[in-house]
Amino acid sequence: MTGFVHSVQSLGTVDGPGVRFVAFLAGCPLRCSCCHNPDTWEKMSGTEYTAAALAEKAAHFRDYFGDKGGITLSGGEPLMQAAFAAEVFRLCRERGINTCLDTSGVVLNDDVRRLLSHCDRVLLDIKYTDDTLYRRHVGMPLQNALDFLNELNERKIPTTIRRVVIPTINDTDENYTALRDIAQAHPCVDRIELLPFKKICQVKYDEMNLAFPFAAVPEADPRAVRKREILLNT
Ligand code: SF4
């Protein structure tokens, strides 16, 4: 069983609880207007790993994981390589390594369900709560992410909802209220995490000769975003 990995981060602290080995899987079918990793879109641009080799690489760092840390599979969109991701997580769990999946919930099929059976936590990205915005700026119906969240809820998988706060696009009271309503309707959600929109990715778009759709959108103020996050979680 092999998969394509864009890059790895040995000791990450922002993609799931504690200190984590983060593998960014290559390939994503979406084209989010705010995407800061357009270099992960193409699956074949990644390095080929066996599931055993990736699990082994994560295990090298287990002394740093402590009580909460472990492995996170992010992307790109890891659901596009769900069978591979499931095998990586299965092998990690065999070694007692905590598993966390960072996804947009783009698809739900048998491979994805198998992957979920090996997940200790999911970070579910819900960028917009309005279907029109979602379709325009993500490229799929909002319902896909909500169906995915319902599956997480049925499985009682601890879930963090993540949202990039994008000034002038999704930072309205209405949007935050809708996000909180979604979280409260799904008891598996124990946290909402807000991330400030930044434009450091512009250089990647320039290098790839692509237009950054949100180039003219202002960056978010991290302190205001943090305050809003505290409000949403109390
Ligand atoms: S799902 Fe993630 S990697 Fe894919 S386009 Fe959206 S932000 Fe980029």
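This talk walks through one predicted protein model, from its overall form to its strands, its loops and its ligand shell.

Good morning, colleagues. Let me begin with the chain as a whole. The protein chain contains eight helices and eight strands. Its radius of gyration is 17 Å, close to the 17 Å given by the globule rule for 234 residues, so the chain is as compact as a globular protein of that length. Taken along the principal axes, the C-alpha atoms fill a box of roughly 45 × 45 × 35 Å. Of the 234 residues, 41% count as buried. Among the contacts with a separation of 6 or more, 74% are between residues 24 or more positions apart.

I turn now to the strands, starting with β4. Strand β4 covers residues 70-74, and five of its five residues are buried. On one side of our account stands strand β2, residues 20-25, which pairs with β4 in the parallel sense over five bridges. Within that pairing, arginine 20 stands opposite glycine 70. Strand β5, residues 98-103, also pairs with β4 in the parallel sense, over four bridges. Here the bridge partner of glycine 70 is asparagine 98. Glycine 70 is thus a useful residue to locate on the screen, as it faces arginine 20 in one pairing and asparagine 98 in another. The connection from β4 to β5 involves helix α2, residues 82-94, and the three elements make a right-handed β-α-β unit.

From β5 we move to β6. Four bridges join these two strands, which run parallel, and threonine 103 has leucine 124 as its bridge partner in β6. The chain passes from β5 through helix α3, residues 110-116, to β6, and this β-α-β crossover is right-handed.

How enclosed is strand β6, residues 121-125? Five of its five residues are buried, so the strand is largely enclosed by the rest of the structure. In a regular strand the side chains alternate between the two faces of the sheet. In β6, Arg121, Leu123 and Asp125 point one way, while Val122 and Leu124 point the other way, and all are buried.

The parallel pairing continues. β6 and β7 are joined by four bridges and run parallel, with valine 122 and threonine 159 as bridge partners. Next, β7 is joined to β8 by seven bridges, again in parallel, and arginine 162 stands opposite glutamate 193 there. β7, α6 and β8 make a right-handed β-α-β unit.

Let me now consider some backbone details. Most residues other than glycine have a negative phi, and most peptide bonds are trans. Lysine 156, although not a glycine, has a positive phi of about 55 degrees. Its place is in the loop between α5, residues 142-155, and β7, residues 159-165. Is lysine 156 buried or exposed? Lysine 156 counts as exposed, because it has 9 C-beta neighbours inside 10 Å. Threonine 168 likewise has a positive phi, near 75 degrees, and lies in the loop between β7 and α6. With 11 C-beta neighbours inside 10 Å, threonine 168 counts as exposed.

A further detail concerns a peptide bond. Glycine 75 and glycine 76 are joined by a cis peptide bond, with omega about 15 degrees. Glycine 76 lies in the loop between β4 and α2.

That brings me to the ligand. Which residues are around the ligand? They are Cys28, Leu30, Arg31, Cys32, Cys35, Asn37, Thr40, Gly75, Gly76, Glu77 and Ser104. By class, this shell has four nonpolar, five polar and two charged residues. Both glycines of the cis peptide bond appear in that list.

Two members of the shell, Leu30 and Arg31, lead us to glycine 139. Leaving aside its neighbours within four places in sequence, glycine 139 is in contact with Leu30 and Arg31. Glycine 139 and arginine 31 are 108 residues apart in sequence, yet their C-alpha atoms are 6.2 Å apart in space. Glycine 139 is found in the loop between α4, residues 131-137, and α5. With 15 other C-beta atoms within 10 Å, glycine 139 is partly exposed.

Finally, a word on alanine 185, which is in the loop between α6, residues 173-184, and β8, residues 189-196. Alanine 185 has 12 C-beta neighbours inside 10 Å and therefore counts as exposed. Its C-alpha atom is separated by 17 Å from that of glycine 105, 80 residues away along the chain.

Thank you for your attention.

Technical notes. Residues numbered from 1 in each chain as written. Predicted model: local features only at pLDDT ≥ 70, side-chain atom pairs only at ≥ 80, totals over all residues. Near = placed C-beta within 6 Å. Nonpolar A, V, L, I, M, F, W, Y, C, P; charged D, E, K, R; others polar. Rg over C-alpha atoms; globule rule 2.2 N^0.38 Å. Buried ≥ 20, exposed ≤ 12 C-beta atoms within 10 Å, placed from the backbone. Contact = placed C-beta atoms within 7 Å. Pairing = 2+ DSSP bridges. Right-handed = clockwise from strand over helix to strand, strands pointing away.
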